[in-house]
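Biologist: I should like to learn how to read the features of a model such as this one. Please begin with a single residue and proceed outward from there.

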Amino acid sequence: MPEKTLAEGSRTRAAAIERVEASPKRWWILAVIAIAQLMVVLDATIVNIALPSAQTDLGFSDGNRQWIVTAYALAFASLLLLGGRIADLFGRKPAFLVGVVGFAAASALGGAANGFTMLVVARALQGAFGALLAPAALSLLNTTFTDARERARAFSVYGAIAGAGGAVGLLLGGVLTDALDWRWTLYVNVAIAVVAFAGGWILLGNHRDAANAKLDVPGTVLVATGLFGLVYGFSNAETHDWDSPLTWGFLVAGGVLLAAFAWWQTRAAHPLLPMRILLDRDRAASFLAVLITGAGMFGVFLFLTYYLQLNLGFSPTKTGVAFLPMVGALMVTAQAGTTMLLPRLGPKVVIPLGFAIATAGMAWLTGIGLGSSYLGAVLPQLIVIGVGLGLVMPPAMQLATGGVAAEDAGVASATVNAMQQVGGSIGTALLNTLASSAATAYLSGRDATSEVVRAQATIESYTTAFGWSAALFGAGTVIALLSYRRGAPRQDAGAAPVVHM
């Protein structure tokens, strides 16, 4: 019977996993991979805070400015599943090392950019090598942490990086821009990469769990072009109307291509994204949680950065420091959520609770005004949001990749990254559009030449973005409550544990 054969194979694989001894260097390996992954996460925001300086130096227009951010997002999102499968097929250590070296080289190219085109190309190359590095790094932990308790601690570290990396990027970007030059927001990656490469070369072992499989070329083309269309369409929504063909045309094309990809995966002999990864109930719920979190977090980082700098007069460095309390709260609850609460209460309690807390924090943040202060109207809310996100991101990412067979480790990690990246793109487009509409509506019928009126219009745009971010987190609360299984998380007996950020 096929079911009996499958069950016996599952028990055999599970027994083999149990016999794997934990690496004595596992915590050093975690540190190395964490450093590399932090480099990738930082670059989603570290350049943002240096954009005004780069624009002045290189002389590109406001309309072109978005491409410094979009080029990275497009390459990263489009190539993630390919990068994850390459790591599974050809080995995770070489994929990790090539990713680190390529990312560093692209960063050096961007730092030395003598014009807009060179900088955009460098950012796209960063995204491409990041798409190889991220899933390779995370799936390497599959064979490093075999004990459930230690794996939970590793998840708390990576969950903290995922949630706090954007805020750390703002801080580091501000410090480097103020103290040195905008180019150092890119050059700093070279120094980080040297440490990651040396540690990876010495400590990491190579694994090719899917070495007998083949690359799904049609699936790769479909998912890469589909994700490109989706991210590009949402990016165009920032600079074009939603009824522009450059917006809805690419969104429709991306959706059609992704639907064709899903159809093809049910028929391919060696699918790029096996359907077994998507069919587990807790895993599917976790993918949605990561997507919603990526969309909602944008309201915290972008619009609060605007408010702190433009309304409260914070410097780039001071702005980055202002986010640190949220980072600290997130790290504390990440540890508690993955190691204590999730095993006892299960995801049906922990993740909806985290979303609900984050919803309350974002809703509270809508109370900012022209006369508000950081200590009274921003700091408490940031701490509450950090507590909430710490209960969502690490547990959701753990469940999204837990119970995945070893040969699917890289592509499973890549899928979570893709969900987070697409969520961020949706948040960028949606919240920017809503914020701009709110500012325009406030100015209608008022004296637009008045500084007070214009300042209040910007406050309206920020609070609208925060309100919609709260709505996204609120939707996450309901979806998580309805989607997750009751009780402690389950894990397929035939699957290897996989760690993701």
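Modeller: Let us take Val-223, which lies in helix H9; helices (H or I, at least four residues) and strands (E, at least two) are DSSP runs numbered from the N terminus. Please note that this is a predicted model, in which local features need pLDDT of at least 70, side-chain atom pairs count only at pLDDT 80 or more, and totals for chains, interfaces and linings use all residues. Residues are numbered from 1 along each chain as its sequence is written, and side-chain values use heavy atoms, with hydrogens and water left out.

Biologist: Is Val-223 buried or exposed?

Modeller: Buried means under 20% relative accessible area, exposed over 50%, and partly exposed in between (1.4 Å probe, protein chains only). Val-223 has 5% relative accessibility and therefore counts as buried.

Biologist: Which residues is Val-223 in contact with, leaving aside its neighbours within four places in sequence?

Modeller: A contact means heavy atoms within 4.5 Å. With those neighbours set aside, Val-223 is in contact with Leu-81, Leu-258, Phe-261 and Leu-272. In addition, the C-alpha atoms of Val-223 and Ala-262 are separated by 8.7 Å, although these residues are 39 apart along the chain.

Biologist: How should aromatic pairs be read, and how many are there by this rule?

Modeller: Rings of Phe, Tyr and Trp (its six-membered ring) pair if their centres lie within 6.5 Å; planes under 30 degrees apart count as stacked, over 60 as edge-to-face and the rest as tilted. The count here comes to 10 aromatic pairs. One of them is the stacked pair of Tyr-72 and Phe-76, at 5.8 Å centre to centre with 15 degrees between the planes. These two are separated by about one helical turn because they are 4 residues apart in helix H4 (residues 62-90). Tyr-72 is buried, with a relative accessible area of 4%, and Phe-76 also counts as buried, at 5%.

An edge-to-face case is Tyr-232 with Phe-250, at 4.5 Å centre to centre and 75 degrees between the planes. This pair links distant parts of the chain, 18 residues apart: Tyr-232 belongs to helix H9 (residues 217-239) and Phe-250 to helix H10 (residues 245-265). Tyr-232 counts as buried at 14% relative accessibility, whereas Phe-250 is partly exposed at 29%. Together with Phe-228, Tyr-232 and Phe-250 form one aromatic cluster.

Biologist: Where does the largest nonpolar core draw its largest share of residues?

Modeller: In soluble globular proteins, nonpolar side chains tend to be buried together. A nonpolar core is a set of buried Ala, Val, Leu, Ile, Met, Phe, Trp, Tyr and Cys residues joined through side-chain atoms within 4.5 Å. The largest one here has 118 residues, and those with the most contacts inside it are Phe-96, Phe-303 and Leu-304. Its largest share, 14 residues, comes from helix H11 (residues 281-311). Not counting residues up to four places away in sequence, Phe-303 touches Phe-298, Leu-431, Asn-432, Ala-435, Tyr-462, Ala-465 and Phe-466.

Biologist: What describes the chain overall, and where is confidence lowest?

Modeller: The chain has 18 helices and 0 strands, and buried residues make up 56% of its 501 residues. The pLDDT, the predictor's confidence in each residue from 0 to 100, averages 79. Confidence is lowest in helix H1 (residues 2-19), at a mean of 42, and highest in helix H14 (residues 347-365), at 93. Over residues 1-20 the pLDDT is below 50, and this stretch has 8 contacts beyond near neighbours in sequence.
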